[in-house]
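Please open the structure in your viewer and follow the stops below in order, selecting each region as it is named.

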Amino acid sequence: MQKMLIEGGHTLNGMVRISGAKNSAVALLPASILADSPVTLEGLPEISDVHTLGDLLEEIGGQVSYNGQAMTINPENMVAMPLPNGKVKKLRASYYFMGAMLGKFNKAVIGLPGGCYLGPRPIDQHIKGFEALGAEVTNEQGAIYLRAKELRGARIYLDVVSVGATINIMLAAVKAKGKTIIENAAKEPEIIDVATLLTNMGAKIKGVGTDVIRIEGVPTLHGCKHTIIPDRIEAGTYAIAAAAQGEEVIIDNVITRHIESLLAKLREMGVSIEESDEQLLIRPQRQLKSVDIKTLVYPGFPTDLQQPFTSLLTRATGTGVLIDTIYSARLKHIDELRRMNATIKVEGGSVIVSGPAQLEGAKVKASDLRAGASLIVAGLMANGITEITGLEHIDRGYENITEKLIGLGARVWREEMTEKEVIQFQNS
Ligand SMILES: CC(=O)N[C@H]1[C@@H](OP(=O)(O)OP(=O)(O)OC[C@H]2O[C@@H](n3ccc(=O)[nH]c3=O)[C@H](O)[C@@H]2O)O[C@H](CO)[C@@H](O)[C@@H]1O
Ligand SMILES: C=C(OP(=O)(O)O)C(=O)O
């Protein structure tokens with residue numbers, strides 16, 4: 001088990017290249033189950049979630065071959081193997097095996113997913129969608145059993161706008177008989193990416209990117225090649241790090257439109273941002289102004305950037321209030337930031353950050369993926385050394401983060417934890 005060490009205070013300069021989007025990759029891989037011939041996905045990020053899903057595809061009989069950042073999945077010998085336990089619990093996106101296997105085999109057994117604990121993360125809207133399509137769904141000892149004689153298109157209104165439910169229902173509906181309409185659908189770019197893959201596989205989908213998606217079921221889907229979109233959350237994290245500790249940082253391979261809500265806030269704080277085709281040039285002013293943030297569904301400010309943004313606010317002058325309307329309990333980074341000398345209050349659902357504070361290096365724990373990103377941003381700004389444990393969360397979603405930060409001039413490295421540190425970590 002490793003820890004990350006950051007010697008703070010070094011200025012970031014240069015260029016960082018953004019990898020393929022985690023939240024697309026984790027849906028595209030299960031989507032390949034629906035094809036009857038090989039699917040090649042290009043530009044996948046080298047993160048643990050991708051490897052876990054590759055292993056799960058193999059567990060159900062898929063042939064998976066890696067070629068650099070491309071993966072080819074041959075689904076010809078896949079079977080409706082139950083996956084009640086094991087690797088499905090290591091990540092959130094294993095829930096996409098429900099929609100994809102239901103679409104392909106009319107049945108599936110999938111253990112309830114893991115992933116970041118952000119407060120309760122129900123999947124009732126996924127289940128409501130599967131039931132509307134004709135599946136019988138039961139929860140037996142922590143695994144979801146789905147069975148259908150056949151899937152039939154239906155009209156489904158989502159009670160909450162959900163990325164996962166929108167994608168999962170799409171996966172099940174593309175092969176259902178007749179027409180499915182998903183109303184109050186989510187509009188995140190990753191949903192468009194998944195729909196693009198499915199369309200290239202032969203699915204008939206209209207309206208993605210709006211809140212009404214129309215799907216006409218088809219009997220078979222075929223293999224194809226697809227290149228994944230860049231990761232807007234990774235790009236946003238580096239943009240925040242650049243605003244916090246950068247001089248001139250270029251972020252390469254980014255669809256800037258995907259992070260307009262973040263860029264608007266950074267500009268409001270006094271960060272100069274130049275946008276070109278696939279790049280951002282970020283130049284912060286020495287003094288940043290505080291701003292308020294409310295996370296919303298896309299195209300609003302993403303909840304996945306709320307935690308790293310909290311760290312940035314500690315360096316701004318004034319008081320900034322953050323409200324996470326998607327996951328109000330996504331607050332595990334706050335105590336750790338306080339350990340580093342941040343002045344943060346939590347009142348009701350509001351996180352109130354007073355700055356500027358000079359952060360101090362400390363031993364801190366990443367309890368989830370974006371809490372990890374938040375602590376890295378804080379470590380880059382802090383005096384002295386910050387030691388971060390819980391790297392398994394960070395490695396679920398950030399490709400080569402140590403190397404990418406070193407490339408920007410940060411002093412970051414990893415060390416093996418001693419036995420004593422591992423025990424302390426496990427008991428904390
Ligand atoms: C693998 C993946 O893509 N993860 C992302 C996805 O998670 P995920 O797909 O799990 O998040 P959702 O968009 O589904 O959740 C949005 C909100 O709806 C609620 N909800 C969701 C489903 C449901 O059946 N019932 C229900 O009440 C959730 O508790 C949450 O408050 O979108 C989140 C919100 O942008 C991001 O933080 C995650 O990074
Ligand atoms: C919450 C996240 O991931 P997951 O849904 O995979 O837990 C995230 O990417 O910030």
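## A tour from hairpin to ligands

Before selecting anything, keep in mind that this is a predicted model. Begin with strand S4, residues 63-67, together with S5, since the two pair in the antiparallel sense over 5 bridges. They form a hairpin with 2 residues between them, and in that turn Gly68 has a positive phi of about 60 degrees. Where the strands meet the turn, select Asn67, whose bridge partner in S5 is Ala70.

Now display the side chains of S5, residues 70-74. Which of them are buried, and which are not? Met71 and Ile73 point to one face and are buried, whereas Ala70, Thr72 and Asn74 point to the other face and are not. This is a pattern worth recalling in general terms: in a regular strand the side chains alternate between the two faces of the sheet. S5 is also joined to strand S3 (residues 39-42), with which it runs antiparallel, by 3 bridges. To see this pairing, select Leu41, which stands opposite Met71 in S5.

Next, move to the open sheet formed by 3 strands in the order S6-S8-S7, where the pairing is antiparallel. Strand S6 (107-111) and strand S7 (136-140) stand at the edges with a single partner strand each, so one side of each is left without a neighbour in the sheet. From one strand to the next the twist averages 15 degrees. Within this sheet, S7 and strand S8 (residues 143-147) run antiparallel and are joined by 5 bridges; select Asn139 and you will find that its bridge partner in S8 is Ile144.

Turn now to ligand 1 and show the residues around it, of which there are 20. Asn23, Gln125, Ser162, Val163 and Gly164 come nearest. The elements that give two or more residues to this shell are helix H1 (22-31), helix H4 (124-132) and helix H5 (163-173). Colouring the shell around ligand 1 by residue class will divide it into 10 nonpolar, 6 polar and 4 charged residues. If you colour by domain instead, the shell around ligand 1 draws at least three residues from each of domain 1 (2-19 + 230-427) and domain 2 (22-227).

The following selection is ligand 2, and the residues surrounding it include Lys22, Asn23, Arg92, Cys116, Asp304, Arg370 and Gly397. H1 and helix H11 (369-381) each supply at least two residues of this shell, and the residues of the shell divide into 5 nonpolar, 3 polar and 4 charged. Why can ligand 2 be said to lie between domain 1 and domain 2? Both domain 1 (2-19 + 230-427) and domain 2 (22-227) give residues to the shell around ligand 2, so this ligand lies between them.

For a single-residue stop, select His10, which is placed in the loop between strand S1 (2-7) and strand S2 (12-17). His10 has 15 other C-beta atoms within 10 Å, and is therefore partly exposed. Add Asn383 to the selection: His10 and Asn383 are 373 residues apart in sequence, but 9.8 Å apart in space from C-alpha to C-alpha.

Finally, select residues 7-405, which UniProt lists, in an unreviewed entry, for "domain: Enolpyruvate transferase". Over residues 7-405 the chain is 32% helix and 27% strand, and the C-alpha atoms at the two ends are 12 Å apart.

How values were computed. Residues are numbered from 1 along each chain as its sequence is written. Chains are lettered from A and ligands numbered from 1 in the order in which they are written. This is a predicted model: local features need pLDDT of at least 70, side-chain atom pairs count only at pLDDT 80 or more; totals for chains, interfaces and linings use all residues. A residue is buried if 20 or more other C-beta atoms lie within 10 Å of its own, exposed if 12 or fewer, and partly exposed in between; C-beta atoms are placed from the backbone. Helices (H or I, at least four residues) and strands (E, at least two) are DSSP runs, numbered from the N terminus. Two strands pair if DSSP finds at least two bridges between them. A residue is near a molecule or strand if its C-beta atom, placed from the backbone, lies within 6 Å of it. Ala, Val, Leu, Ile, Met, Phe, Trp, Tyr, Cys and Pro count as nonpolar, Asp, Glu, Lys and Arg as charged, and the others, Gly among them, as polar. Domain bounds come from an automatic or database domain assignment. UniProt positions are given in the numbering used here, feature names are shortened, and annotations may be inferred rather than shown by experiment. Axes are lines fitted to C-alpha atoms, for helices over the stretch in contact, and angles run from 0 to 180 degrees between N-to-C directions.
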